[in-house]
Amino acid sequence: MKYRPDRHGNQISQLGYGCMRFSRKGNSIDFEKAEKEVMLAIEKGVNYFDTAYIYPGSEDCLGRILEKNNCREKVYIATKLPQYMLRSAAAIDKTFNEELSRLRTDYIDYYLMHMFTDIAEWEKLKELGIEEWIEKQRTEGRIKSIGFSYHGETEMFLKILNAYDWDFCQIQYNYLDENTQAGRRGLQAAAEKGIPVVIMEPLRGGKLVDLPDKAKQVLASDSKGYTPAELGLRWLWDQPEVSCILSGMNSEEMVNENIRIACEAEPNHLTDEDHKIIEQIKQIIREREKVNCTGCRYCMPCPKGVDIPGNFFYYNLMYMEKKGPARFEFAQNMGLRKEPGFASQCVGCGKCEQHCPQKINIREKLKEADRALRPLPYKIGINAARKFMIK
């Protein structure tokens, strides 16, 4: 296994274990199966395990495995505060203590504010005294490193990144999300501040494994014999700014295969030909796009606050992948921002179209995107979630 350092000199395995996707048996996690897979990973050098309060049974399962096999000190545990569910300092303390109990430990190595999309979420936590709470936990040795996980667009990520002296952060990043979400710009900004970056959704939930047949043919023509998953993981490890990649491994075969790749991959190891193949695959995936938007953001800022590239990204995603998951991701990542940037905010001024290098009929396409992304049930759901989560 290869390792990359954090801010405090800890050596983190460049392959991390994402515990959200433990196999299930009936209504609960298949403990015996998960135990075999986790212990195999530890035996082969994986030392970073990521879970969260809201992953059903995940914290408890991981805690039981580590306790039973007496290996808590061999690993780093990362888990998350569900701040979107909490309304008081007492609730923060209660939730954290519950996590310690589930995990059967008296400290967390890497503790994250979970699923930020807007700086307003951090400001709300500050009003509840989160900064003082964090320092208290650090002093008492109950939290070693503090960070945040992020779902949203680049500019907001940069604001959150600069709002506190974070020890690390976690972002969705893969070769399809290179210029969306926090993106390469966010990754590099974190690295410039010396903040390690943990990667989630490296294969877009399996979307970069199950490639279109045309893309599979392009990859098969390469003599290296990389699988779709291997190419996606190697693209990430090729970047020195990436500290650790999380993989939701739920079979021993997957554990062994990912560890093999992790033991081989190094920064700057991909060739020009590898990058050319990746670009070809991206182009094939995007052939089903509805809007020829490159995410250049020349159309921004919109005077009415519309996130034009964001709306087009999720509109395209509906046709590159599946409509339901794309709508859900839109609702989660854009719909829960304090200022969501919905296409319906457009007043048709046309300022954006004057600056678009692709000459997109932005005003008309925004109407299409809004109809597709927010049919009535999604509008109702997003509005209800916003009332509950955004104060």
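**Exercise 1. Charges over rings.** Find which lysines of this predicted model sit over tyrosine rings.

*Solution.* Start with Tyr107. Lys144 lies over its face, at 5.1 Å from the ring centre. Next take Tyr319. The charged end of Lys290 sits over this ring, 4.6 Å from its centre. The cut-off for the distance is 6 Å. Lys144 meets it at 5.1 Å, and Lys290 meets it at 4.6 Å.

**Exercise 2. A stacked pair.** Classify the aromatic pair Tyr17 and Phe49, and state what it ties together.

*Solution.* A search of the whole structure gives 22 aromatic pairs. One of them is Tyr17 with Phe49, at 5.4 Å centre to centre and 15° between the planes. Planes under 30 degrees apart count as stacked, so this pair is stacked. Now place the residues. Tyr17 belongs to strand S3 (residues 15-18) and Phe49 to strand S6 (residues 48-50). The pair therefore ties together parts 32 residues apart in sequence. Both Tyr17 and Phe49 are buried.

**Exercise 3. The nonpolar core.** Identify the residues that touch the most other members of the largest nonpolar core, then follow Trp166 outwards.

*Solution.* The core holds 114 residues. Tyr17, Met113, Trp122, Phe148 and Trp166 touch the most other members. By element, helix H12 (residues 308-320) gives the largest share, eight residues.

Now take Trp166. Beyond its neighbours within four places in sequence, Trp166 is in contact with Arg7, Met113, Phe116, Trp122, Ile146, Gly147, Phe148, Ile160, Leu161 and Ile195. Trp166 is also part of an aromatic cluster with Phe116, Trp122, Phe148, Tyr150, Phe157 and Tyr164.

In general, nonpolar side chains tend to be buried together in soluble globular proteins.

**Exercise 4. An enclosed helix.** Decide whether helix H6 (residues 154-161) is enclosed or open, and name elements that cover its buried residues.

*Solution.* Count first. Six of the eight residues are buried, so H6 is largely enclosed by the rest of the structure. The six are Thr154, Met156, Phe157, Leu158, Ile160 and Leu161. Then look at the cover. It includes S8, helix H4 (119-127), strand S9 (143-150), strand S10 (168-172) and helix H7 (183-192).

**Exercise 5. Two helix crossings.** Describe how H9 packs on H10 and H1 on H2.

*Solution.* Take helix H9 (residues 228-237) and H10. Their axes come within 10 Å and cross at roughly 35°. The crossing is right-handed. H9 contributes Glu230, Leu233, Arg234 and Trp237 to the contact; H10 contributes Glu257, Asn258, Arg260, Ile261, Ala262 and Glu264.

Zoom in on Asn258 in helix H10 (residues 252-264). Asn258 has a relative accessible area of 7%, so it is buried. Outside its neighbours within four places, Asn258 is in contact with Leu15, Leu233, Trp237, Ser247 and Met249.

Now take helix H1 (residues 31-43) and helix H2 (residues 58-68). They pack at about 60°, with axes 10 Å apart. H1 also passes H2 in a right-handed crossing. The H1 side is Phe31, Ala34, Glu35, Val38, Met39 and Ile42; the H2 side is Cys61, Arg64, Ile65, Leu66 and Lys68.

**Exercise 6. Two buried residues.** Work out the surroundings of Tyr111 and Gln181.

*Solution.* Tyr111 is in strand S8 (residues 108-116). Its relative accessible area is 0%, so Tyr111 is buried. Not counting residues up to four places away in sequence, Tyr111 touches Thr79, Lys80, Leu81, Phe96, Glu99, Trp133, Ile143, Ser145, Ile146, Gly147 and Phe168.

Gln181 lies in the loop between S10 and H7. Gln181 is buried too, at 4%. Its C-alpha atom is 6.3 Å from that of His151, 30 residues apart along the chain. With the same sequence neighbours left out, Gln181 touches Tyr150, His151, Gly152, Glu153, Thr154, Gln172, Tyr314, Glu329 and Asn333.

**Exercise 7. Backbone exceptions.** Locate a cis peptide bond and two non-glycine residues with positive phi.

*Solution.* Most peptide bonds are trans, and most residues other than glycine have a negative phi. The bond from Met300 to Pro301 is cis, with omega near 0°. Pro301 is in the loop between helix H11 (272-285) and H12. Asn70 has phi near 50°. Asn70 lies in the loop between H2 and strand S7 (76-81) and counts as exposed at 68% relative accessibility. Met115 has phi near 65°. Met115 is in strand S8 and counts as buried at 14%.

Conventions. Residues numbered from 1 in each chain as written. Predicted model: local features only at pLDDT ≥ 70, side-chain atom pairs only at ≥ 80, totals over all residues. Heavy atoms only, no water. Helix = DSSP H or I, 4+ residues; strand = E, 2+ residues; numbered from the N terminus. Buried < 20%, exposed > 50% of the residue type's maximum accessible area, 1.4 Å probe, protein only. Contact = heavy atoms within 4.5 Å. Phe/Tyr/Trp six-rings, centres within 6.5 Å; stacked < 30°, edge-to-face > 60°. Lys NZ or Arg CZ within 6 Å of the ring centre and 35° of its normal. Core = buried A, V, L, I, M, F, W, Y, C linked by side-chain atoms within 4.5 Å. Axes fitted to C-alpha atoms, helices over the stretch in contact; angles between N-to-C directions. Left-handed = near helix turned anticlockwise from the far one by under 90°.
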